[in-house]
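Visitor: I would like to go through this model with you. May I ask short questions as they come up?
Guide: Please do.

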Amino acid sequence: MNLASVYNSFVYGKFVTETDSGYRLVARSTDLTNEEHLGTMVETYRFWGSRPPEKNAEAIGIFLEEGNKNLVLVKVETAVDESKIEATSGGRTFRQRHYIIIPIDSVTKQLQGRTFQLLNWMNTQPIRLFSKFEADLSSPPIEPLNEPLPTELNQEEVNKIKCYLNDTNNEGQPLLLLALAVLNNDKRLLLTDNNRIDFVESLLLLLPASVRSKVSIARGILDEEYCNWAKLLIKANNSSRGKLVDKLIRLNYGSKKFEGQFNRDTTFKSDYVTLLQAILNIPDIDIIPRLLKQLDSIEDNNVTLEDPATANIIIRLIKEFPQIFQQVWKSLSSTKQIQFLKELRDNLHLAEILLLKQKLLEQLPYETEDNEFVRESIALCQSVVADKSQKDFQKAWNLATHFVTNKIFQDNITARFELLDTSLAGEIKVEDLYNSFNCKLALLLVNFDAVKIHTSNLYSQLQTKNSRAAELLNTLLTKRNTALKHLPQLANLTGMEESEQDKFYQTVLDTWSPSYEDGRELLIALIDQTQESGSQFNGNTLVKTRAWFEGKKPEFSNIFIALQQPSITWDNWKELAKALYENQQHSAAFLDKRVGTILPAEVLETWLPIIAEDENLRREFCQNSSAWEQLRSQREHFDQFVVTRPEYATTLLRCLRDSNRLDWINSNLIHSLCDYWNQHKQVDDDLRTLVTNPDVTQKFTYHDWLKLQYVCWTIGTDLNLPPGRPDLGVKEKIELLDRAIEIANNLYTKPTQTRRLLQACKAWQLDSTQLKDILRRVNDQARDFELVLDYISIDLEAIDPTQDIPLLFTQLSRLLPKSLSQLLNDRLKQNFPLAEKLLDLGLYEQHCLLNNNEIQSELRRFCHIVVQYKSKQNWSQAWELVKKLDLSTAFKDDSDRLELLNAVRPTFTVQEKKLLQEYAMTIVKLYTQPQQMRRLLEDSSTWGLSLTEQKEILKANRFACDFDLVFQYL
């Protein structure tokens, strides 16, 4: 391939003319139109000043053009023609400079940066002469660039490097590596032995291919003061200006010493040289060929001469020579170490090797959590695991679990979780997912909230493979301490072993630090789990969990032992519930849910005192209680419970009512209820309504009825018993009578109590004799006149003068005048038969009626009224009554007697007229005034007495007559 036209070039010198043209641009390629730039290049990249150090001075060089895109080859020599005869311009010899501009990429790729080959080629190329300006200069073919890239290593190069590596200073340090360090430290190297071309080649070969091109070189007759653009000077002339210019260090190969101004501690050290030294120290005869092969392959133009040991270069070389890692790592600065870690993320296979075999994590300095080494190391581990997870979960998991044992993860829970979670990024079997969760991830995720977990691979995998587990995990991390009861369910869904569960629960309890009240929900869930599975609570495997609860309440220690027994007694359950809950309601609810169907009576007994006074709670109990539901379905057991627990009758009755089971209300309940009422001296209104409900009473025995009746009497209330009570036989009535007397005699102190009792007895069809028997036998203060009067007046014919009347009159004697007045004017006037009966039995003789004049007067008026009433009914009986009254103290005055007798004036038959005449003959003797006699005689005429009978009356008391009266009738 002809590449002559590919590379631009120009010549700076003089025209071969008779007239001196002066130094100028004499030829250029067509593209190099910026002649000013070309002139600047000539002035900048010089080998000496205005005059060369020697006559016929020649030099070659190579440098990187500004912009780092092109390499420029330059050669300067005395102008000669093809016959090697010096050319002249104006009769004077002159020097020509030839510049060839080569794209740096061509050098890097075609020559792998071997610029010394270009220098060698340039050294053999003559410089054309020009008599006039040429604007289309073509360059000769550059043979090194036309040759194919070698497929095999140049053994000659290897041998040269080996040779020069053996040349050491007095300290045994290879001069070649020391010279390389000089260049790395931004110094310029001067060689004064033009025969050390092989040394320079070896020096360049130990640089990465892309860096080799960046080493500017000057070779030949040089003046180092003007040749300050060259990093590497190979000076053929011996002339020296004495003191070396700044940054220039001379290698005196003869003395094997470096001369100039430098800091020995820093000038001869570089990361790159350390890297090379580590590689070259590897005991391998092929180490140099392997090294050159790697260096030849590096085409990164971003690598500089001053720092060829970039993270990327180091990684490439460590990838080939991993055994050098630790040595190289320790020599790197912290900045470069961090960059190395970053670059490793693009070299994950090597990263894995370094992490596992070279123990990279152990080499890191990490003093604080905010250490960049730590952050980059964590990121690197995640990258390695993430890459592995896409190919093989188990290998990724093994890597992650290995990495997290390092201190950087042990001190950083978030990093530890994220690394382990990264291993779940790819395809994974469900059993592997559960295993990773159970043994590691579950213990870490408790440190995070739900938002954090939602972005995790774990959560995503769970959503796909077990949505319920994902849901529970979300609930736990959202609600935390208020959702601890879900822990066992989550553990079961992921198949945790008991030892794993124990560690999981302990971690949650220690990390979230729940209150005892929140924590016990976990314990309850564990107990429920064992019940559902039919196993025993295994405190031996849940050691840590158990210890947390025992720390809160020491009494749990014995309880846990009891829970591990094959059978758990009621006492064990009670102690557990008591330890779990101080609140009795919560304790009962716990027992109900767990053993309500197994031990319904015991659980019910726990509930009853709690729900007794709380209507809402009782109704809730009836709807939800397992114990109640169980017992309510077993009539025999319920009845037995009622017998053994009579003290709970009231609550049981309410529960039956709330459960619509009135048919279960039995005699035992009724009797226990009555005993309860008696004990507490009061009746519950709602239960009164319940037990008197016809649906309930329709099944009552007479014992049930009487039991209710007795409690009414005892407490002094009225149940308003519904219809349907049974008829009592003689025996039952006697029992009722005796019980009534006993209750009244022992308890009653008020007439109202006795009245209520008597009314009830009357309802039970006790006759008046029995009722009065009760009345007579009650305490005196438990009866009054009205009560006695009411019951002895039930049957007037049955009034016993020897018992009833003394009892009545005793009560009468206690009445106040006002009450006596009301009795005479109201009560008795409304019941004339009763009034007559009482008068007949001596009411008119009672001192309480006679001792007060006003009351005595009302008594007489009352007697008049009764007599008048009676005379219309049965005058003879009225008369008999009047005769008794006439002898009483109330009618001791004649005027009063006269009014009484007048009140009994009857209209009778013949026989009765005789009695009437007898009456008139009697009353007339009391008269003292003629008008009295006149009225009697007129009445007698009205009553039907004859004139003869009237004259007889007149004759009976002549003193009450006057002349006119006698004259009228006689």
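Visitor: How many disulfides does the count come to?
Guide: The count comes to zero disulfides, a disulfide being a pair of cysteine sulfur atoms within 2.5 Å. Please note that this is a predicted model, in which local features need pLDDT of at least 70, side-chain atom pairs count only at pLDDT 80 or more, and totals for chains, interfaces and linings use all residues. Residues are numbered from 1 along each chain as its sequence is written, and side-chain values use heavy atoms, with hydrogens and water left out.

Visitor: Why does cysteine 622 have no bond to cysteine 655?
Guide: The two sulfurs are 3.9 Å apart, which is too far for a bond, although cysteine 655 holds the closest cysteine sulfur to that of cysteine 622. Cysteine 622 is buried, with a relative accessible area of 9%. Here buried means under 20% relative accessible area, exposed means over 50%, and partly exposed lies in between (1.4 Å probe, protein chains only).

Visitor: And which cysteine sulfur is closest to that of cysteine 712?
Guide: That of cysteine 674, at 7.8 Å, again too far for a bond. Cysteine 712 is buried as well, with a relative accessible area of 3%.

Visitor: Cysteine 655 came up earlier. Which residues of H35 are buried?
Guide: They are Ala649, Thr650, Thr651, Leu652, Leu653, Arg654, Cys655 and Leu656. Helix H35 covers residues 649-658 and is mostly covered, with eight of its 10 residues buried. Helices (H or I, at least four residues) and strands (E, at least two) are DSSP runs, numbered from the N terminus.

Visitor: What do those buried residues pack against?
Guide: They pack against helices H31 (600-611), H32 (615-624), H33 (626-632) and H34 (635-644), and also against H36 and H37. Contact means heavy atoms within 4.5 Å. Just after H35, asparagine 660 takes a positive phi of about 55 degrees.

Visitor: Where is lysine 681, and is it buried or exposed?
Guide: Lysine 681 is in the loop between helix H36 (667-680) and helix H37 (685-691). At 55% relative accessibility, lysine 681 counts as exposed. Its phi is near 60 degrees, a positive value in a residue other than glycine.

Visitor: What about serine 513: where is its place?
Guide: Serine 513 sits in the loop between helix H25 (498-512) and helix H26 (516-533). It has a positive phi of about 45 degrees although it is not a glycine, and at 53% relative accessibility it counts as exposed.

Visitor: Let us turn to threonine 545. Which helix is it in, and is it buried or exposed?
Guide: Threonine 545 is in helix H27 (residues 543-552). With 2% relative accessibility, threonine 545 counts as buried. Leaving aside neighbours within four places in sequence, threonine 545 is in contact with Asp502, Tyr505, Gln506, Leu509, Leu522 and Leu526.

Visitor: Now a strand. Where does valine 26 lie?
Guide: Valine 26 lies in strand E2 (residues 24-28) and, at 0% relative accessibility, counts as buried. Valine 26 and lysine 14 are 12 residues apart in sequence and 6.5 Å apart in space, C-alpha to C-alpha. Beyond the neighbours within four places in sequence, the contacts of valine 26 include Val11, Phe15, Gln96, Phe130 and Phe133.

Visitor: How many residues of helix H10 are buried?
Guide: Eight of the 10 residues in helix H10 (residues 271-280) are buried. Among them are Tyr272, Leu275, Leu276 and Ile279. The helices that the buried residues of H10 pack against include H5 (155-165), H6 (175-184) and H11 (287-296).

Visitor: Finally, the whole chain. How many helices and strands are there?
Guide: The chain has 54 helices and 12 strands. Its radius of gyration is 68 Å, well over the 30 Å that the globule rule gives for 970 residues, so the chain is more spread out than a compact globule. That radius is taken over C-alpha atoms, and the globule rule is 2.2 Å times the number of residues to the power 0.38. Along its principal axes the C-alpha trace spans about 225 × 65 × 50 Å.

Visitor: What share of the residues counts as buried?
Guide: Of the 970 residues, 52% count as buried. As for contacts with a separation of 6 or more, residues 24 or more positions apart account for 67% of them.
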